[in-house]
Amino acid sequence: MPDLGLEVLLKGQNMVRLLEGLWIALRISLTAVVISIPAGILLGAMMTRKNRVVRAVLRLYLEIIRIMPQMVLLFIVFFGTTRAFGWDLSGETASILVFSLWGTAEMSDLVRGALISIPVHQYESGEALGLRRVQVYRYIIIPQTFRRLVPLSINLITRMIKTTSLILMIGVVEVLKVAQQIIEANRMASPNAAFGVYLAVFLLYFIACWPISMFAKYLEKRWR
Amino acid sequence: MTETLLKIEHLVKKFDDNLILDDINLEVKKGEVIVVIGPSGCGKSTLLRCINALEPIQGGTISLDGEPIDDKSRSLSVLREKIGMVFQSYELFPHLSVLNNVMLAPLKVQKRKKEEVKEEALTLLERVGLKEKAGSFPRQLSGGQKQRVAIVRALCMHPELLLFDEVTAALDPEMVREVLDVILKLAAQGRTMIIVTHEMQFAQAVADRILFLDGGSIIESAPPEEFFEHPKTDRAKQFLNTFTFEAVKTPHKTIKEEED
């Protein structure tokens with residue numbers, strides 16, 4: 001049997017360090033999620049308004065964030081702002097900022113899509129029954145929007161978690177960076193550590209994301 | 001002498017510069033069943049939507065029980081409680097069960113007691129043969145069943161006036177009957193209704209008065225026997241002819257119902 005370099009994981013504090021790295025990745029992505037979801041809901045609702053200027057500005061924001069690779073955004077915010085504005089952001093703060101900008105943009109588009117997918121007749125049949133505008137939203141529109149939104153936004157959350165693997169590029173020591181450090185430190189003793197350690201990283205991402213996406217599947221089944 | 005329930009005077013409706021309804025005058029008495037027919041695009045559905053203030057109007061007045069209906073009025077939702085409307089595409093709320101679809105407005109708008117509303121909802125559902133579907137969701141029902149639920153949903157608000165906007169137009173032919181039967185029963189109970197339909201035989205059976213609309217105006221208003229046997233205007237004659245087929249093999253004429 002080939003040497004898969006699994007023994008490295010059991011050496012010293014290696015497994016604990018990997019878990020700490022995962023925690024940092026999760027802390028950054030989930031903080032960004034907590035900011036993105038309400039902000040995205042707000043912007044998404046604004047995108048369905050009739051005001052053209054508001055719509056154009058939001059559209060521009062969305063397109064820019066979407067077109068730009070997340071890595072470039074990270075570099076602009078982390079390195080760019082230091083030179084240009086003299087901001088001394090920590091890697092973690094810069095990451096949270098970028099992930100929130102990105103998550104908000106994506107979330108707003110999901111919200112907009114869910115809102116406009118509710119047929120205008122749903123509003124009308126509610127009103128025709130004598131429901132007030134607020135009641136129409138509360139009992140008819142928001143519950144339906146919410147149901148459409150939950151699976152989509154959970155998908156976004158798992159994407160955000162996975163994308164944290166980029167932030168090692170701005171010096172944040174998250175799970176992938178820890179893995180590299182472990183491999184590097186054991187280069188002589190166990191040259192095959194790369195396989196075992198990256199396998200462990202793969203499994204850690206999987207364990208973090210899989211329950212979330214199963215939950216989305218469950219909700220989809222229940223509501224569709 | 002029966003009293004007037006709905007009164008429309010000089011109603012004008014425009015979409016931008018397009019005149020959709022041009023000086024409509026109509027009085028509907030309590031218990032009267034009015035069937036509105038006319039070619040597509042003549043403004044039939046818009047007329048119903050104006051009565052319910054789903055469309056703002058550009059001129060004239062509409063009043064129910066002497067109270068003006070106006071899309072800006074504060075009592076609009078109170079007025080709408082008195083007007084039940086059933087749409088072509090059913091428009092049940094997909095996230096609510098059949099029972100909750102029916103109970104939503106009585107509970108939230110009229111603030112009635114849950115027990116009482118539930119009992120009434122189940123009785124009404126039973127009357128249209130859908131009591132066992134109370135716990136189902138709209139997606140589990142056929143088109144005809146959905147439309148019967150939509151009618152029950154409107155009825156549960158105890159409306160004084162019912163509006164039916166081409167309620168069988170989206171249904172498969174074999175389901176049309178079950179919905180029309182429900183409406184016929186309502187007519188027999190003496191409900192006041194305004195019905196837009198393309199089902200001519202049904203119109204003849206249910207109507208106290210036929211309104212023939214064309215180009216945004218009421219061209220004819222007459223009892224069904226008179227309208228279908230002796231239409232006064234050429235336009236009405238022409239319209240009715242589109243429902244008649246000349247037999248090709250025998251000299252007899254057949255009147256055939258349009259099916260969609």
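How do the residues of the lining of the second largest cavity divide into nonpolar, polar and charged? I opened the notebook with that one, keeping in mind that this is a predicted model.

**Entry 1: the second largest cavity**

I counted 7 nonpolar, 2 polar and 1 charged residue in the lining of the second largest cavity. I then looked up its volume and found about 60 Å³ of space. From chain A, I noted A:Ser125, A:Ala128 and A:Leu129 in the lining. From chain B, I wrote down B:Ile83, B:Gly84, B:Met85, B:Phe87, B:Ala150, B:Arg153 and B:Ala154. The elements that give two or more residues here are α6 (120-128) of chain A, plus β6 (83-86) and α5 (143-155) of chain B.

**Entry 2: the largest cavity**

How many cavities of 30 Å³ or more does the count come to? I got 3. The largest has a volume of about 110 Å³. Its lining is made up of B:Leu124, B:Arg127, B:Val128, B:Leu155, B:Val182, B:Lys185, B:Leu186, B:Gln189 and B:Arg191. Two elements of chain B give two or more residues to this lining, namely α4 (114-127) and α6 (173-188). I checked which gives the most, and α6(B) does, with 3 residues. By residue type, I noted 5 nonpolar, 1 polar and 3 charged for the largest cavity.

**Entry 3: cysteines**

How many disulfides does the structure hold over all chains? I found 0. I wanted to know why, so I followed the sulfur of B:Cys42 to the closest cysteine sulfur, which is in B:Cys50, 13 Å away. A disulfide needs the two sulfur atoms within 2.5 Å, so this pair is too far apart for a bond. Going the other way, I started from B:Cys50 and found its closest cysteine sulfur in B:Cys42, again at 13 Å.

Next I asked myself: is B:Cys42 buried or exposed? B:Cys42 counts as buried, at 2% relative accessibility. B:Cys50 is buried too, with a relative accessible area of 2%.

**Entry 4: B:Thr123**

Where does B:Thr123 sit? I placed B:Thr123 in helix α4 of chain B, an element that also gives two or more residues to the lining of the largest cavity. With a relative accessible area of 34%, B:Thr123 is partly exposed, because that value falls between the 20% limit for buried and the 50% limit for exposed. I also looked up how B:Thr123 lies relative to B:His10: the two are 113 residues apart along the chain, and their C-alpha atoms are separated by 40 Å.

Methods:
Residues numbered from 1 in each chain as written. Chains lettered and ligands numbered in written order. Predicted model: local features only at pLDDT ≥ 70, side-chain atom pairs only at ≥ 80, totals over all residues. Heavy atoms only, no water. Buried < 20%, exposed > 50% of the residue type's maximum accessible area, 1.4 Å probe, protein only. 1 Å grid on protein atoms, 1.4 Å probe; cavity = no way out; pocket = protein on both sides within 12 Å on 5 of 7 lines; lining within 4 Å. Points joined across faces, edges and corners; volume = space filled by probe spheres on them. Helix = DSSP H or I, 4+ residues; strand = E, 2+ residues; numbered from the N terminus. Nonpolar A, V, L, I, M, F, W, Y, C, P; charged D, E, K, R; others polar.
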